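Me: I have a structure to study and some questions about it. Can we go through them one by one?

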Amino acid sequence: MTLSRRRFLTAGALAGVCRATPRQAGREVFLRSPGKGAAVMAFAYYTRARGGDMMSIEQRWSRSGTVDAAYYRYSTDYGRTWGAPVQTPTGEKRPGGMWRKHPRGGWVDPATGRFLEFWVEGTLPTDDPLEGLRQWNIFYTVSQGAPRQVVHKGVEFDERHPLPGVWTGKNCAVLGDNTCRPLARPGGEVLLPVEVSPLGPGGALYNPGGGYTYHEAAVLHGRWKGDRLEWEMSEPIRGDPERSTRGMVEPTIAALDGGRLLLVMRGSNDRRPEQPGYRWVSFSTDGGWQWTRPEPWTYDDGEPFFSPSACSQLLRHSSGRLYWLGNITKTNPKGNRPRYPFQIGEVDRAGGGLIRASVRLVDDLQPGEDPLLTLSNFYAREDRRTRQICVHMTRLFALPGGWEGDAMLYRIPV
């Protein structure tokens with residue numbers, strides 16, 4: 001299939017278009033970086049259950065863990081053209097420090113047609129991104145209404161104690177990346193995969209693996225109560241710090257045949273590169289309340305594969321097929337790197353493994369490019385007209401002198 005030319009409105013120019021040969025991913029510039037020292041990440045989401053209304057969120061980054069600025073654009077023609085950008089605050093000096101906000105994208109609930117937008121925010125005393133481990137909270141809006149914080153059901157929970165085992169100022173629960181997408185369940189329940197920075201016995205942040213950070217995963221269960229969601233949290237999904245030094249991070253969730261749920265998580269061999277760096281998996285047979293102990297995720301033949309510490313995403317296609325998108329490396333990674341190549345593969349909906357024969361390359365480091373290239377921090381969706389899988393991902397170069405990279409759109413025939 002050859003891509004037709006499509007227009008993508010940037011801040012002042014139309015983006016260029018690449019063409020694809022059959023079964024290969026086409027790559028287009030979705031939004032260009034404003035210049036040296038600033039990378040742009042941009043993602044697009046449908047805002048209604050049908051039709052071409054979309055919202056795009058542009059984020060500008062110059063360092064890890066901080067969104068310098070965010071801009072919203074809207075489209076009514078499936079993203080062919082976009083309206084003028086509208087900036088939204090992502091940082092503000094306040095009495096307690098620097099307030100920061102990280103958008104986490106939008107999602108349409110198929111049961112109600114309501115559009116939910118999620119983000120995390122918190123006030124960092126010295127504006128160190130690691131302070132977010134004690135300050136972040138999850139917020140959402142319903143159909144662009146008033147902001148609401150995710151707070152667990154029950155009188156013992158409030159904005160400062162939003163979830164079991166979480167107290168603002170001590171630790172946090174967050175949506176790890178844009179790939180931590182909600183899942184609609186029969187009966188109208190909404191499942192939201194999150195990560196929690198746990199507390200140790202003395203009340204300090206728990207980091208038994210000795211890595212950069214340490215997390216446990218969990219799944220929030222949301223049930224509609226009028227025009228808002230009432231939340232409850234699953235049991236924690238705890239990794240073995242001897243096998244994944246940063247625990248279980250950035251979970252992505254999907255339903256398998258027969259009602260089982262699959263949770264795929266980011267692990268790490270940070271600080272212990274001699275250990276294998278894997279993707280990790282857990283299963284639930286009770287609707288997402290209890291989960292199996294995480295184990296290395298494998299191909300459908302039972303063999304595990306190397307994967308760096310980076311986000312990934314499970315995506316259900318309208319054909320019924322289930323896809324996984326992320327990084328697979330030929331050799332053992334070292335913590336976060338290398339974050340290339342980037343692949344897509346189909347998941348066995350019965351067994352839950354990644355079908356080895358289905359794995360395809362989407363993008364990779366090109367000759368002459370800096371090996372600091374990052375192909376990660378992405379978001380994937382299905383195009384409602386072509387049924388292609390669209391991947392929003394920046395070809396990010398996290399250089400010592402500042403981050404650089406244009407936001408790309410990959411179109412993957414399936």
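Reply: Start with a term: contact means heavy atoms within 4.5 Å. This is a predicted model, where local features need pLDDT of at least 70, side-chain atom pairs count only at pLDDT 80 or more, and totals for chains, interfaces and linings use all residues. Residues are numbered from 1 along each chain as its sequence is written, and side-chain values use heavy atoms, with hydrogens and water left out.

Me: Which residues is Leu220 in contact with, leaving aside neighbours within four places in sequence?
Reply: Close sequence neighbours, within four places, are set aside for Leu220. Its contacts are then Ile138, Val150, Leu163, Val190, Leu191, Leu192, Val194, Trp231, Glu232 and Met233.

Me: Which element gives the largest share of the largest nonpolar core?
Reply: A nonpolar core is a set of buried Ala, Val, Leu, Ile, Met, Phe, Trp, Tyr and Cys residues joined through side-chain atoms within 4.5 Å. Buried means under 20% relative accessible area, exposed over 50%, partly exposed in between (1.4 Å probe, protein chains only). The largest core has 25 residues, and Phe118, Ile138, Tyr140, Leu220 and Trp231 touch the most other members. The largest share, four residues, comes from β13.

Me: Why is strand β2 largely enclosed by the rest of the structure?
Reply: Helices (H or I, at least four residues) and strands (E, at least two) are DSSP runs, numbered from the N terminus. From β2, Ala39, Met41, Phe43 and Tyr45 point one way, and Val40, Ala42, Ala44 and Tyr46 the other. Strand β2 covers residues 39-46 and is largely enclosed because the number of its eight residues that are buried is eight.

Me: Which residue in β3 stands opposite Ala42?
Reply: Two strands pair if DSSP finds at least two bridges between them. β2 and β3 (residues 54-61) pair in the antiparallel sense over eight bridges. Opposite Ala42 in β3 stands Glu58.

Me: Which are the edge strands of the open sheet β20-β21-β22-β23?
Reply: The four strands of this sheet have antiparallel pairing. Each edge strand pairs on one side only. The edges are β20 (313-316) and β23 (360-363).

Me: What is omega at the cis peptide bond between Tyr340 and Pro341?
Reply: Pro341 is in the loop between β21 and β22. Pro338 is also placed in the loop between β21 and β22. A cis bond joins Tyr340 to Pro341, with omega about -5°.

Me: Is Asp127 buried or exposed?
Reply: Asp127 sits in the loop between β8 and α1 (132-135). Its phi is near 65°, a positive value in a residue other than glycine. At 18% relative accessibility, Asp127 counts as buried.
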